[in-house]
Every structure is written in structure tokens, then in C-alpha cells.
Amino acid sequence: MDDKKRDDYPIKVPEPGVPSSRPPNGSKPGGLPIPVSSITNNPSISIIAYCIASISMTVINKYCVSNSEWNMSFFFLAFQSIVSIVAIQACKSMGLVKDLGRFDKEKAERWLSVSLLLVAMIYTGAKALQFLSVPVYTIFKNLSIIVIAYGEVLWFGGSVTTTALFSFGLMVLSSAVAAWADVQHALASLSGNSLNLEKDINAAANMSILNAGYAWMALNVFSSAAYALGMRKVIKKMNDWESMFYKTLLTIPVLVILSLLLEDWSSENLTKNFPVATRNSQILGMVYSGLGTIFISYASSWCIRVTSSTTYSMVGALNKLPIAVSGLIFFDAPVTFGSVSAIFIGFISGIVYTWAKVRQTAQAKMTLPK
């Protein structure tokens, strides 16, 4: 053993000009690069990507329409759709998208009615987000789940379990608490003194803004449910890229026509909607929102592929909390006991509903076919 320890081992020192055999950084031994599949098949990265996409889209959309003078939502949504289509075509020309064929008139006709519902959903959503805070918008968005569930019962023979009913009760409760907290905050400046007319006028203005926001939110809940139920019949006949392409493409002419007919395109109004101080950041945000629709669609499919639909549903439920909190951080939404309680109840309702759906799916798989 002592002789073996004293053996001399030669150390090879590379000669000048001769490349080293050591693999470069980011490569496996043997000079092979780390495969991209190690990233695309990573569940944690897919979940993080989905969360970033959904949170950033909500925050960016709120920023784009948060101007008090904003009144060009049709233009904003048309611009968003155009950016999405241009990006999809660019990815197709570079060979990144291989599941999208040439334009098919029959497929377009099949998607037309669904695209009209999509226009209603995204427009009412943009208007609701304009008047409501991000936390309140996120909480009330849960109500569309209830309408969709009962729509599936009526038209697709679905069922609602007791646990799902309990989660629906929590969703309604969270919405009621959020509305109560919003109203209380709006009326906090109400003086009740005839000498403080300015404060009373501000309180009345805040209430009118909230009323408009809740009206648009109610329309968004029903239009979102109609879109989801209508899309269920069509989406099974196409792949993900085709469904995203056709439903987005067909919204463009509708949104452009509505913008030209109903919105003010005067230079004065354009200046109000796009102030010089924030114009560049607004346009950049609009571009990102267009790209973000693709990002969310891809991240959703990616998350389902490398995890499971159960994990994806749970992530979606848990993701409600950071989305609501982001509104408190970035947009100075009122932080009160009521608003925090509403966020927490809405968060719990999402988890309970996801658990109910998981149990229902598991029981359906265990049931023997008749």
C-alpha cells in the first residue's frame, strides 16, 4: 500500500494552441450540449412560466386601461389580436409552429360564432378591469365558474357535487365581502356635511365608478360562461394552435369595425388616451399583452403536458392569490380587513372547487361503464 501511495501519476498539461478536452460550460461530458428537453419537460419550470404569464397579463392589461381618460378598449383589443396573429405567423414561418396549416374557410366558419362571444368576453373584461381593482376583478371572475358549471348541467348533462356547491357558496361570499369592502372604502370620504361638498362629490364619483365596474363585471361573467360553453363544442375538432389562430384572427375585423364606428379617433382624444408622458410604456404594454396571450396559451398546454390536468387546475386556483396581491402592490388598491378577507375566502373557494373536481373525476374513472 505504501508503494502504491508513492506512485507518480503523470498530469497532462495541454500544449499551447491545442484545444482543451474539457467540456465547455453548459455541456455534458463529451462535448454534448444540455438538451432543451431537460427544460421543456421540467414540471417546476412549466408551473412558474404559467404563473408568470397569468400574473403579468393581468397587471399589464390593468396598466394599459388604468388611465382615467381611457375610452378606446376596442382599439386596444384589436391591437392585441393583431400582435398575436403576427407573432403566430412569425413562429410558423420560422418552423416553430408545425400544427398550423393553411387558412381553412370551413374552420373559420366553425369558429365565427365563438369568436363573437370572445369579443364580448374580452371587451367586458377590459371595461370591468378599467373600473375595478385587480383583487376585486379576480374575485368576481370566480363567479363565471358557477355559471359554467350549471350551463354544463343544462346542456351537456354535467353534475354538481355537494363539495362544489360549498365552493360556490364561498365564491359568492368572497364576492359579497369584496363588494362591501369596496363600497365602504368609496364612502369613507363621505362627510355628511353640506359644507364639504367637494368630498361628497368625490364619494359620489367613486360610487358611480364602482357601479359601472360591477355592471361590466356581471356582463363579463355571463359572456365568459357563454364563450367557454360555446368553445367546448368546437375546440375538440382542432389542435391548440388552430383554435388560438382562428378565434383570434376572426376577432380582428369585428374589433376594428367597432373601434372605427364607436370610438373617437380625433387627435385630442388620442392624446387623452395616450399621454406623452406614458405613451411609449403604454404601447410597449399593449405589444406585450398581445404576445402574452400566446405565452399563456403555450404555458397552459405546457403545464398540462408535463404535469397533469389536476396539477394545472390546482395551480390555477393557487395563482388567484398572487394575482390579487399584485393588484395591491402595483396599483395601490385599498388594503382593508374586508379586501384581505375577500381575497382569502376567494383563494379557499378556488382550492375547494379544484378538490371537488378532482374527486368527481376520480369517481367517474372508478365507475364501470353501463
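Tutor: A pocket is an open set of grid points with protein on both sides within 12 Å along at least five of seven lines. Keep that in mind as we look at this predicted model.

Student: What makes a residue part of the lining of the second largest pocket?

Tutor: A lining residue has an atom within 4 Å of a point of the pocket. The second largest pocket has a volume of about 560 Å³, and 20 residues line it, with F131, S133, N206, I209 and L210 closest to its centre. Helices α5, α8 and α9 each give at least two residues to this lining.

Student: What classes of residue make up that lining?

Tutor: It divides into 9 nonpolar, 8 polar and 3 charged residues.

Student: Why is V83 called buried?

Tutor: Buried means under 20% relative accessible area. V83 has 13% relative accessibility, so it counts as buried. V83 sits in helix α4, which covers residues 73–93. In the protein chain as a whole, 39% of the 370 residues count as buried.

Student: How do you know what V83 is in contact with?

Tutor: Contact means heavy atoms within 4.5 Å. Setting aside neighbours within four places in sequence, V83 is in contact with V287, G290 and L291. Also, V83 and T293 are 210 residues apart in sequence, yet their C-alpha atoms are 9.6 Å apart in space.

Student: How much of the contact in the chain links residues far along the sequence?

Tutor: Among contacts with a separation of 6 or more, 83% join residues 24 or more positions apart.

Student: What makes a group of residues a nonpolar core?

Tutor: The members must be buried residues of certain nonpolar kinds, joined through side-chain atoms within 4.5 Å. The largest such core here has 34 residues, and F140, F168, Y214 and M217 have the most contacts inside it. Several helices supply at least two residues each, including α5, α6, α9 and α16. Helix α8 gives the most, with 8 residues.

Student: Which residues does F168 touch?

Tutor: Leaving out residues up to four places away in sequence, F168 touches I145, I146, A149, Y150, V160 and Y353. Apart from the largest core lies another one, of 20 residues, among them A87, I88, L100 and Y227.

Student: Why is an empty space called a cavity and not a pocket?

Tutor: In a cavity, a 1.4 Å probe fits but cannot get out, whereas a pocket is open. Counting those of 30 Å³ or more, there are 2 cavities.

Student: What is the volume of the largest cavity, and what lines it?

Tutor: The largest cavity has a volume of about 90 Å³. Its lining has 14 residues, with S133, V136, D182, P334 and S339 nearest its centre. Helix α8 supplies the largest share of this lining, 4 residues. By class, the lining has 9 nonpolar, 4 polar and 1 charged residues.

Student: And what surrounds the second largest cavity?

Tutor: The second largest cavity holds about 50 Å³ of space. T138, I139, N142, K320, L321, A324, I343, G346 and F347 line it, and α6, α15 and α16 are the elements that give two or more residues to that lining.

Student: How many helices and strands does the chain have?

Tutor: The protein chain has 16 helices and 0 strands.

Notes
Residues numbered from 1 in each chain as written. Predicted model: local features only at pLDDT ≥ 70, side-chain atom pairs only at ≥ 80, totals over all residues. Heavy atoms only, no water. Buried < 20%, exposed > 50% of the residue type's maximum accessible area, 1.4 Å probe, protein only. 1 Å grid on protein atoms, 1.4 Å probe; cavity = no way out; pocket = protein on both sides within 12 Å on 5 of 7 lines; lining within 4 Å. Points joined across faces, edges and corners; volume = space filled by probe spheres on them. Nonpolar A, V, L, I, M, F, W, Y, C, P; charged D, E, K, R; others polar.
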